[in-house]
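Here's a protein structure to look through together. Have the picture open while you read, and keep turning it as we go.

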Protein chains: 2
Amino acid sequence: MSAPTTPVQLGAGPAVLAFDVGGTDTKATLVDATGALLDTVRVPTPLSLDGTGDAVLAQIEALANRFRTAHPTVDIQAAGLIVPGLVDDENGIGVFSENIGWENVPFRDLLSERLGVPVFFTHDVRAAGAAEYALGGAGQYSDVLVVVIGTGIAGAVFINGVPYSAHGYAGEIGHSVVDPGGVECACGGRGCLEAIGSAGAISRLYRAASGDGDPADNAIGAREVLERAQAGDFRAQKIWTEATDAIGQVLAQCVALLAPEAIVLGGGLAQAGPALFDPVEKRMNSFLTFHRRPVLLPATVGENAGVVGAALGARRLVPNVASPVAL
Amino acid sequence: MSAPTTPVQLGAGPAVLAFDVGGTDTKATLVDATGALLDTVRVPTPLSLDGTGDAVLAQIEALANRFRTAHPTVDIQAAGLIVPGLVDDENGIGVFSENIGWENVPFRDLLSERLGVPVFFTHDVRAAGAAEYALGGAGQYSDVLVVVIGTGIAGAVFINGVPYSAHGYAGEIGHSVVDPGGVECACGGRGCLEAIGSAGAISRLYRAASGDGDPADNAIGAREVLERAQAGDFRAQKIWTEATDAIGQVLAQCVALLAPEAIVLGGGLAQAGPALFDPVEKRMNSFLTFHRRPVLLPATVGENAGVVGAALGARRLVPNVASPVAL
C-alpha cells in the first residue's frame, strides 16, 4: 500500500473505511481517529459483467481485510462506499452503471453484511459535494450547488444545508440541454452540457475537429486543448469558448430555478483556474438581471473529495457522533 | 361586493381574510369557518408612487373594515397577503415591484399592525403554488414544481413537500435563458423563457410579426393566436410552436437539476389544455433520457389559487391549526 497521504482536515472522530469506486480505478482509504487518511490505495475497478456488482464487493472486502491486517490497532467502526451512475441514496441501491455494469444492486446492505459494520452509501459526486460543503469554502452558505466537471459533469444540490438527491436523479446538469439537436451525448440525448463542456467533450471535440491526421492528437486532453488555445490555436479557442459558454449558460439556468448562494466548481477541468472560472462567470452573469448572483468558488478538498465525503457519511453512522454537515 | 363565489375545498378552520395584490387588480376574500370564500371582491390596485406601499396597505385596511362591517358575526383570526415582484418570505418584506412601485416594504408587520391580527405574507405565485400543491392533483408527490404561465412565467418549488423560496429568488424560470442573445425581456435580459413562452409574449410576438396594419391585431391575445394557428395561420403556428418548444426545453432543464416527480402547469395559458400540454410534454420528453420523467398536471384550483394559498397560510398562523401543506 502507498504511504500515508497529506492529512485532510476531517477532524477527530471514529475510524472508518472509505471506498470510491470509479469507472477506471477504485480508491480506498483508512481514516483514523485523528481524521487523517492513514493509508490510501488505488486499484483497478473490476467489471461486473454479470450485473450483480459481486466483483466490486469482493474487491472491497479484500481491501478492508488488508487494512485491518495492516492496522490492527485501529478500531474501524463504519465504512463509506460511493459509486458512479444512478444511485438511490435513500434505499442504498446502485440502480444502474453502464460503465462498470450493474443494475439494482443493494450495495449498502450487501457490503454491511460482508464487513460487519454499518455502511454509508451514496453517489460519488454527491459525496464529493458533501466533502466540499463540509470542509471547503461554501460551508457558510445554506443553498449551494457543487458541480464536478471531469470526464462527465454532475452536480450536488444542497437546500437549506441539506443534500437533495431525488432518489438519485437530482443534480444531473451534465444532461441539461444546451444545444437542442446538437452533438450526440453518451446518455442518448443531443446537445447536453456534458457533450460540450466536460473535459471529455473538449478533448473529443478537438480531436474530431482536427482532422489533420496528426497521431499526437489522439492523446490530447482538455489541458492540452487549453494550452493550444492559449498559444493561439483558433480551433482550440473555439472549442474552449463553446465549453465555457455552455457551462455559464447552464449555471445561469440553475440560478433562475434555485438561486444558490454559492456554486462550487471542482473536478479535473477546475484545475484550469481563471481560464475556466473567468469566462464561465462572465457568461453566467450575462444572463442574470434581478437574479440572486451566486459566489463562484473553486473546490478545495481536491482529488480525495470522494473518499472524504464517504468517510464523513460513515462517521455519521456511528452513534453519538455529530457530523459537520448532513449527509 | 360581489355574490359569494363557488366554495373551494379549503375545509373547516379559522375564518381569515386573504388579499391578492396584482399588477392591475387586487382581489380580496373572506374565508369563513367552513372554508367557503364567503365574500370576494376585486378592485383596482393603487399605484405606490412614493415607493412605500402605503396606498396598497390603506386600501387593504379599508377592504378589511368593509368585510368586518358586512359580516359582523365572522370571527376573523388572521390574514394572508400576497404580492408580485421580488418577495422575501422569511422576513415578510416586499423587496421590489417595478409595476406597482415599492421597494423594501415590511408588508407583513405593517399590515399586522393595521389589522390587529397575524399576517401571512408571500409571493403570489408561491401562494398559488401552495394552493395547487395542497388542494390540486400533485399533493401525493414530495418534489413538485408548479409553473404559472400568464402575462409572465414563474414557478413555485417544493422540495420534500416544503416550499423553497431562497429569500424570494427561487422559481424564476421565466427568466431562464432559452435563446442567448434573442428577443428582449422585460427583466433586461435577452431570450428568457418569459419573452418567448408567456401568454404576454405570444400576443406581443404575434402583433409584432403581423405587420399588416390590421388594427384588430392590437387587441389579440394568446387565445386568439392559438385559434388562428389552429385555423391554419402559419405565422401564429410558428409563434405557438416556438412558445411550447421553449417551455418544454426549460422544463427539461428543471428535470435535469431537480427531478421533480410532478410539474403542474397553471395560469391563463394552461387554459389552452392539450394544445399546450401535448407539445410541451413532447418537447420536454425529447430531451430526457435516463432522467426521472415527471407527471405533467394541469392546475385545478383555478383563478382563486392566489387568495386560497394566502388563506391557507393565514390559517396556519392561528394556534392549534394543522395546515394540509407547509407554507
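What follows is a short tour, from how the chains meet down to single residues.

**How the two chains meet**

First, keep in mind that this is a predicted model. How does chain B relate to chain A? Chain B can be laid on chain A by a turn of 180° with a shift of 0.0 Å along the axis, and the RMSD is then 0.1 Å. That's the relation of a two-fold axis.

Now look at where the chains touch. Chain A puts 34 residues into the contact, and chain B puts in 34 residues too. Of the interface residues of chain B, 100% are also interface residues in chain A, so the copies meet through the same surface.

People often describe how big an interface is by the accessible area lost when the parts come together. Here, chain B and chain A bury about 3100 Å² between them, with 69% of that on carbon and sulfur atoms. On the chain B side, Y164(B), L257(B) and F290(B) lose the most area to chain A, and together they make up 24% of what that side buries.

What about charges and polar groups? The search gives zero salt bridges between chain B and chain A, but it does give 15 residue pairs in polar contact. Two elements of chain B each give two or more residues to the side touching chain A: strand β10 (153-159) and helix α7 (234-258). The largest share, seven residues, comes from α7(B). Sorted by type, the chain B side has 19 nonpolar, 11 polar and four charged residues.

**Two domains inside chain A**

Zoom in on chain A by itself. The domain assignment splits it into domain 1 (15-124 + 303-316) and domain 2 (137-299). Notice that domain 1 is written as two stretches of the chain. The C-alpha centres of the two domains of chain A lie 27 Å apart.

Where these domains touch, six residues of domain 1 of chain A are in contact with four residues of domain 2 of chain A. Here are the two meetings, one per row:

| Parts that meet | Buried area | Share on carbon and sulfur | Salt bridges | Residue pairs in polar contact |
|---|---|---|---|---|
| Chain B and chain A | about 3100 Å² | 69% | zero | 15 |
| Domain 1 and domain 2 of chain A | about 520 Å² | 49% | zero | two |

On the domain 1 side of that contact within chain A, the residues divide into two nonpolar, one polar and three charged.

**A salt bridge and a strand residue**

Side chains of opposite charge can pair when their charged atoms come close. Over all chains, a search of the whole structure finds 16 salt bridges. One to look up joins the side chains of R292(A) and D143(A), at 3.4 Å from N to O. This pair links distant parts of the chain, 149 residues apart. R292(A) sits in the loop between α8 (274-286) and β13 (295-298) of chain A, while D143(A) is in the loop between α3 (124-135) and β9 (144-149) of chain A.

Finally, find V95(A), which has its place in strand β6 (residues 93-97) of chain A. Which residues does V95(A) touch, leaving out those up to four places away in sequence? They are L86(A), V87(A), D88(A), W102(A), E103(A) and N104(A). For a sense of distance, V95(A) and A12(A) are 83 residues apart in sequence and 33 Å apart in space, C-alpha to C-alpha.

Notes:
Residues are numbered from 1 along each chain as its sequence is written. Chains are lettered from A and ligands numbered from 1 in the order in which they are written. This is a predicted model: local features need pLDDT of at least 70, side-chain atom pairs count only at pLDDT 80 or more; totals for chains, interfaces and linings use all residues. Side-chain values use heavy atoms; hydrogens and water are left out. Domain bounds come from an automatic or database domain assignment. Contact means heavy atoms within 4.5 Å. Buried area is the accessible area (1.4 Å probe) that two parts lose on being put together, summed over both. A salt bridge is a side-chain nitrogen of Lys or Arg within 4 Å of a carboxyl oxygen of Asp or Glu. A polar contact is a pair of N or O atoms within 3.5 Å; within protein, one must be able to donate a hydrogen and the other to accept it, and residues adjacent in sequence count only if both atoms are side-chain atoms. Ala, Val, Leu, Ile, Met, Phe, Trp, Tyr, Cys and Pro count as nonpolar, Asp, Glu, Lys and Arg as charged, and the others, Gly among them, as polar. Copies are superposed by least squares on the C-alpha atoms of residues with pLDDT of at least 70 in both. Helices (H or I, at least four residues) and strands (E, at least two) are DSSP runs, numbered from the N terminus.
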